[in-house]
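Work through the exercises below with the sequence and the model open. Each task is followed by a stepwise solution.

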Amino acid sequence: MSAAGRVNSGTTSQRVLNAIRRRILARSYLPGARLDPAVLAQDLFSSITPVRDALNVLTGSGLVETGINEGFHIPNIDEPALKDLCSWNLEVLLLAIRSWPRREFVATPAFEPDDDGSAISTAVLFDAIAHRSENAEHSRAVASLNERLHPIRTIEPFVLEEIAVELAVLRSTFKASDREELRRELVTYHRRRQRKAAELVRAHYRVA
């Protein structure tokens, strides 16, 4: 294969991966929906190989599931699974805070989302919390969890009230570098969602 061919192949693979990831995060597919590589390839003007590669990558990150003779599909989620994800998200954030350096903090880059309570603003905040940790694995874990929880977070406004206020308080405490108060607020944030896990799951399946 020529150098140009290799570049084009890489560009196509990344384009396909990004396109499928965006669709999943935007809840373009219902939970449990089958992802047919041939259909996706035609839709994305690609061959099947980049699509299969992308689906395998997304399987590794938990956004897609597959099994023997089952093909690829969007993961189903139930109340216990959502509670587990919330618990793991909290644990990683608390570990990240514990690993914050003792020195004076510097401003976190690219952290100026609107306090609108959106899934994106929540992800940016949690990314920023993890980014301060001296252990880079915390950032990687939070980035993965942000993607897996993104579809649920997009429907939280249908179930939870005053999300924007909640996020604004968290953001303010983070900027003040108040570790203890931030820990308490994060526990409250996640326990609230665990209590409402059943309603969030129902909304996830119901809201188009």
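Contact means heavy atoms within 4.5 Å. The model is predicted.

**Exercise 1. A loop residue and its contacts**

Task: locate Glu 156, decide whether Glu 156 is buried or exposed, and list what Glu 156 touches.

Solution.
- Step 1. Glu 156 lies in the loop between α6 and α7.
- Step 2. The relative accessibility of Glu 156 is 4%. Buried means under 20% relative accessible area. Glu 156 therefore counts as buried.
- Step 3. Leave out residues up to four places away in sequence; Glu 156 then touches Ile 163, Tyr 189, Arg 193 and Leu 200.

**Exercise 2. The overall layout**

Task: count the helices and strands, and give their order along the sequence.

Solution.
- Step 1. The protein chain has nine helices and three strands.
- Step 2. Along the sequence the pattern reads α-β-α-α-β-β-α-α-α-α-α-α.
- Step 3. For burial, take the 208 residues of the protein chain: 42% count as buried.
- Step 4. For contact range, take the contacts with a separation of 6 or more: residues 24 or more positions apart account for 73% of them.

**Exercise 3. The sheet**

Task: give the strand order of the sheet, name the edge strands, and find the helix that packs on the sheet.

Solution.
- Step 1. The three strands form an open sheet in the order β1-β3-β2, and the pairing is antiparallel.
- Step 2. β1 (34–35) and β2 (65–67) each pair on one side only, which makes them the edge strands.
- Step 3. Helix α3 (residues 48–60) packs on this sheet and touches β1, β2 and β3. The direction of α3 makes about 60° with that of β3.
- Step 4. Look at one pairing in detail. Three bridges join β2 to β3 (residues 71–73) in the antiparallel sense. Glu 65 stands opposite His 73 in β3.

**Exercise 4. α5 against α6**

Task: classify the packing of α5 and α6 from their angle, then describe the contact.

Solution.
- Step 1. Helix α5 (residues 119–131) packs with helix α6 (residues 136–155) at an angle of about 165°, and the axes are 9 Å apart.
- Step 2. Angles over 145 degrees count as roughly antiparallel. So α5 is roughly antiparallel to α6.
- Step 3. Their crossing is right-handed.
- Step 4. On the α5 side the contact includes Ala 119, Ile 120, Phe 126 and Asp 127. On the α6 side, Val 142, Asn 146, His 150 and Arg 153 are among the residues met.
- Step 5. By class, the contact of α5 with α6 has seven nonpolar, seven polar and two charged residues.

**Exercise 5. α5 against α8**

Task: repeat the analysis for α5 and α8.

Solution.
- Step 1. α5 and α8 pack at about 140°, with axes 14 Å apart.
- Step 2. That angle makes α5 oblique to α8.
- Step 3. The crossing of α5 and α8 is left-handed.
- Step 4. Thr 122, Phe 126 and Ile 129 in α5 meet Leu 182, Leu 186, Tyr 189 and His 190 in α8.
- Step 5. This contact divides into five nonpolar, two polar and no charged residues.

**Exercise 6. α4 against α9**

Task: find the angle between α4 and α9, and name the residues that meet.

Solution.
- Step 1. Helix α4 (residues 79–98) and helix α9 (residues 197–206) have axes that come within 9 Å and cross at roughly 110°.
- Step 2. Angles of 65 to 115 degrees count as roughly perpendicular. α4 and α9 are therefore roughly perpendicular to each other.
- Step 3. The crossing of α4 and α9 is right-handed.
- Step 4. From α4, Glu 79, Leu 82 and Lys 83 meet Ala 197, Ala 198, Leu 200 and Val 201 of α9.
- Step 5. Five of the contact residues are nonpolar, none is polar and two are charged.

**Exercise 7. Positive phi**

Task: place Phe 45 and Ser 177, and state how accessible each one is.

Solution.
- Step 1. Most residues other than glycine have a negative phi.
- Step 2. Phe 45 has a positive phi, near 55°. Phe 45 sits in the loop between α2 (37–43) and α3.
- Step 3. Phe 45 has a relative accessible area of 75%, so Phe 45 is exposed.
- Step 4. Ser 177 has a positive phi of about 60°. Its loop runs between α7 (163–175) and α8 (179–195).
- Step 5. At a relative accessible area of 22%, Ser 177 is partly exposed.

Key:
Residues numbered from 1 in each chain as written. Predicted model: local features only at pLDDT ≥ 70, side-chain atom pairs only at ≥ 80, totals over all residues. Heavy atoms only, no water. Pairing = 2+ DSSP bridges. Helix = DSSP H or I, 4+ residues; strand = E, 2+ residues; numbered from the N terminus. Axes fitted to C-alpha atoms, helices over the stretch in contact; angles between N-to-C directions. Parallel < 35°, antiparallel > 145°, perpendicular 65-115°, else oblique. Left-handed = near helix turned anticlockwise from the far one by under 90°. Nonpolar A, V, L, I, M, F, W, Y, C, P; charged D, E, K, R; others polar. Buried < 20%, exposed > 50% of the residue type's maximum accessible area, 1.4 Å probe, protein only.
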